[in-house]
Amino acid sequence: MSQSWSGLGELLFPSLPEVEVVRADVSGPVVRVEARSVVGGASCPSCGGFSDRVHGPYLRHPSDLPSCGRPVVLALRVRRFVCPISSCSRRTFVEQITGLTRRHGQVTERQRSGVTGLGLALAGRAGARMAVLLGAVPPVALCCDG
């Protein structure tokens, strides 16, 4: 089932008004959510100059917290901006959505904090097994069990 609904963004990302959900596909074993940023521009991480001049968009695919035991993968359309300060060492930079993405991150901040909480509460192998059972991380070998 695939649906487009304006309230879906408020349901999936209640604390992130700058994210708009375009589409959600829940027909397969993985929930796929297409989303995009709706802010007008971003600040350069090097010099702090604000830019609304888009160099080009591209897709990021961070994994998010599971939904009903099924992994959630975002198809997040982000934009690369041109830095407005000519003396800045960066010519272009990518927007980061506060509370959702991090530079070079492959998981959302929600998933990162959830797995961190599990690790701190249960520690070690018990935390790793629980994260796999909850679907927060993919199953991998849990290290030398033999």
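Helices (H or I, at least four residues) and strands (E, at least two) are DSSP runs, and they are numbered from the N terminus. The model is predicted, so that local features need pLDDT of at least 70 and side-chain atom pairs count only at pLDDT 80 or more, while totals for chains, interfaces and linings use all residues. Residues are numbered from 1 along each chain as its sequence is written, and side-chain values use heavy atoms, with hydrogens and water left out.

**Exercise 1. Describe the order of the elements and the surface of the protein chain.**

Step 1. The protein chain has 3 helices and 9 strands, and from the N terminus on these elements follow the order β-α-β-β-β-β-β-β-β-β-α-α.

Step 2. Buried means under 20% relative accessible area, exposed means over 50%, and partly exposed lies in between (1.4 Å probe, protein chains only). Of the 146 residues of the protein chain, 31% count as buried.

Step 3. Accessible areas come from the Shrake-Rupley method with a 1.4 Å probe, and for residues only the protein chains shown count as cover. The protein chain exposes about 9000 Å², of which carbon and sulfur atoms supply 57%.

Step 4. A contact means heavy atoms within 4.5 Å. Among contacts in the protein chain between residues at least 6 apart in sequence, 47% join residues at least 24 apart.

**Exercise 2. Explain why Cys44 and Cys83 form no disulfide with their closest cysteine.**

Step 1. A disulfide is a pair of cysteine sulfur atoms within 2.5 Å, and a search of the whole structure finds 0 disulfides.

Step 2. For Cys44, the closest cysteine sulfur belongs to Cys88 at 3.7 Å, which is too far for a bond. Cys44 counts as buried, because its relative accessibility is 3%.

Step 3. For Cys83, the closest cysteine sulfur belongs to Cys47 at 3.5 Å, and this too is too far for a bond. Cys83 has a relative accessibility of 9% and therefore counts as buried.

**Exercise 3. Follow the salt bridges, beginning with Arg23 and ending with the network around Glu109.**

Step 1. A salt bridge is a side-chain nitrogen of Lys or Arg within 4 Å of a carboxyl oxygen of Asp or Glu, and a search of the whole structure finds 6 salt bridges.

Step 2. One of them joins Arg23 to Glu34, with the closest N and O atoms 2.9 Å apart. This pair links distant parts of the chain, since Arg23 is in strand 2 (residues 19-25) and Glu34 is in strand 3 (residues 31-37), 11 residues apart. Arg23 is partly exposed, with a relative accessible area of 36%, and Glu34 is partly exposed as well, with a value of 31%.

Step 3. Glu109 has its place in helix 2 and forms a salt bridge with Arg102, where the closest N and O atoms are 3.1 Å apart. Arg102 counts as partly exposed, because its relative accessibility is 40%.

Step 4. Glu109 also meets Arg112 in a salt bridge (3.4 Å, N to O). Because Arg112 and Glu109 are 3 residues apart in helix 2, about one helical turn separates them. Arg112 has a relative accessibility of 28% and so counts as partly exposed.

Step 5. Put together, Arg102, Glu109 and Arg112 are linked in a network of salt bridges.

**Exercise 4. Work out the surroundings of Thr101, and compare its accessibility class with that of His104.**

Step 1. Thr101 is found in the loop between strand 9 and helix 2, and it counts as buried because its relative accessibility is 9%.

Step 2. A polar contact is a pair of N or O atoms within 3.5 Å; within protein, one must be able to donate a hydrogen and the other to accept it, and residues adjacent in sequence count only if both atoms are side-chain atoms. The side chains of Thr101 and Gln96 are joined by a polar contact of 3.1 Å, and the side chain of Thr101 also reaches the backbone nitrogen of Ile97 at 2.9 Å.

Step 3. Leaving aside neighbours within four places in sequence, Thr101 is in contact with Arg60, Leu76, Gln96 and Glu109.

Step 4. His104 is found in the loop between strand 9 (92-94) and helix 2 (109-122), and its phi is near 65°, a positive value in a residue other than glycine. At 71% relative accessibility, His104 counts as exposed, whereas Thr101 counts as buried.
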